[in-house]
Amino acid sequence: MSRIATTFERLARGGRKALIPYITAGDPDLAATVPLMHALVQAGADVLELGVPFSDPMADGPVIQRASERSLARGVDLAQVLAWAREFRQQDAGTPLVLMGYANPVERFGVENFVPAAQAAGVDGVLVVDYPPEEAGDFANRLRAAGMDPIFLLAPTSTEARMRQVDALASGYVYYVSLKGVTGAGNLDAQAVCRKLQELRKHVRVPLGVGFGIRDAAGAAAVAACADAVVIGSRIIELMENKPVEVAIEDAVGFVREIRRAIDAHANAPAVLAST
């Protein structure tokens, strides 16, 4: 059983939901990446998503796009991200680590090279945004054979056929994109999310994490009432922008602590669904 599956099972036994913060590797500073990862775990993160910077992150809004640009300007590439993963794993043997990014860096690295390198670095899961399930069978099989979870996205527009395709390949968890559009968008409708998760659970057997559009404790708590995990990225990066590194980390950690408290306080509250 993977570290991700073990973590979700442990949390479920305790009636808790997973908190999954996302950061872009190399931002807000090269030297800050691994200390920030450890600090987020101390603040209550159950799984970490570490973004691999890419020059054309089409699914990401301006906040994460700017983070990628800053990291790329500092020379961050996939090899450096894997080096940070190894460094993190040397001090933290338990927290699951997911790499999230796009196909281009993986394919430039070479899939045949990337999978063993990610395994050796202690990576637990990989989410490649632009690998649709109908084209990712071989990649998913390579990851699973190396003990890593292939993670996929589902969206409000996903058909039942797409849900079944994802269910056939995914392990660890599925990332449900709560809004149409890009990361960092607003106007989260928690009731609509909860209704959609009810539908998804008819077709998807792994835990469901919800991201895109969660910007505060109230939104996180509302989503946690029906999701298995809350994923937050853009708001964390936004809080760190244009600040000294020490202040940036302090603000990010404080925000994650606030979200952790909100999730723990309200995760078991019944989800209130609007009538259809």
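Modeller: Quick ground rule first: Ala, Val, Leu, Ile, Met, Phe, Trp, Tyr, Cys and Pro count as nonpolar, Asp, Glu, Lys and Arg as charged, and the others, Gly among them, as polar. And keep in mind that this is a predicted model.

Colleague: Okay, so what makes up the lining of the second largest pocket, by class?

Modeller: That lining has 9 nonpolar, 2 polar and 2 charged residues. The pocket holds about 210 Å³ of space. Closest to its centre, out of 13 lining residues, are Asp77, Leu78, Asn104, Pro105 and Arg108. Helices α4 (78-91) and α5 (103-109) each give two or more residues, with α5 supplying the largest share, 4 residues.

Colleague: Why is Asp167 with Arg205 called a salt bridge?

Modeller: The cut-off is 4 Å between a side-chain nitrogen and a carboxyl oxygen. Here the closest N and O atoms are 2.8 Å apart, so the pair qualifies. Asp167 sits in helix α8 and Arg205 in the loop between α9 (190-200) and β8 (208-211), 38 residues apart.

Colleague: Which of those two is buried and which is exposed?

Modeller: Buried means under 20%, exposed over 50%. Asp167 has 14% relative accessibility, so it counts as buried, while Arg205, at 71%, counts as exposed.

Colleague: And what makes Arg164 and Glu160 a pair about one helical turn apart?

Modeller: They are 4 residues apart in helix α8 (residues 160-169). Their closest N and O atoms are 3.7 Å apart, so this pair passes the 4 Å cut-off too. Arg164, at 46%, is partly exposed, and so is Glu160, at 41%.

Terms used:
Residues are numbered from 1 along each chain as its sequence is written. This is a predicted model: local features need pLDDT of at least 70, side-chain atom pairs count only at pLDDT 80 or more; totals for chains, interfaces and linings use all residues. Side-chain values use heavy atoms; hydrogens and water are left out. On a 1 Å grid over the protein atoms alone, a cavity is a set of points where a 1.4 Å probe fits but cannot get out, and a pocket is an open set with protein on both sides within 12 Å along at least five of seven lines; lining residues have an atom within 4 Å of a point. Grid points are joined across faces, edges and corners, and a volume is the space filled by probe spheres set on the points. Buried means under 20% relative accessible area, exposed over 50%, partly exposed in between (1.4 Å probe, protein chains only).
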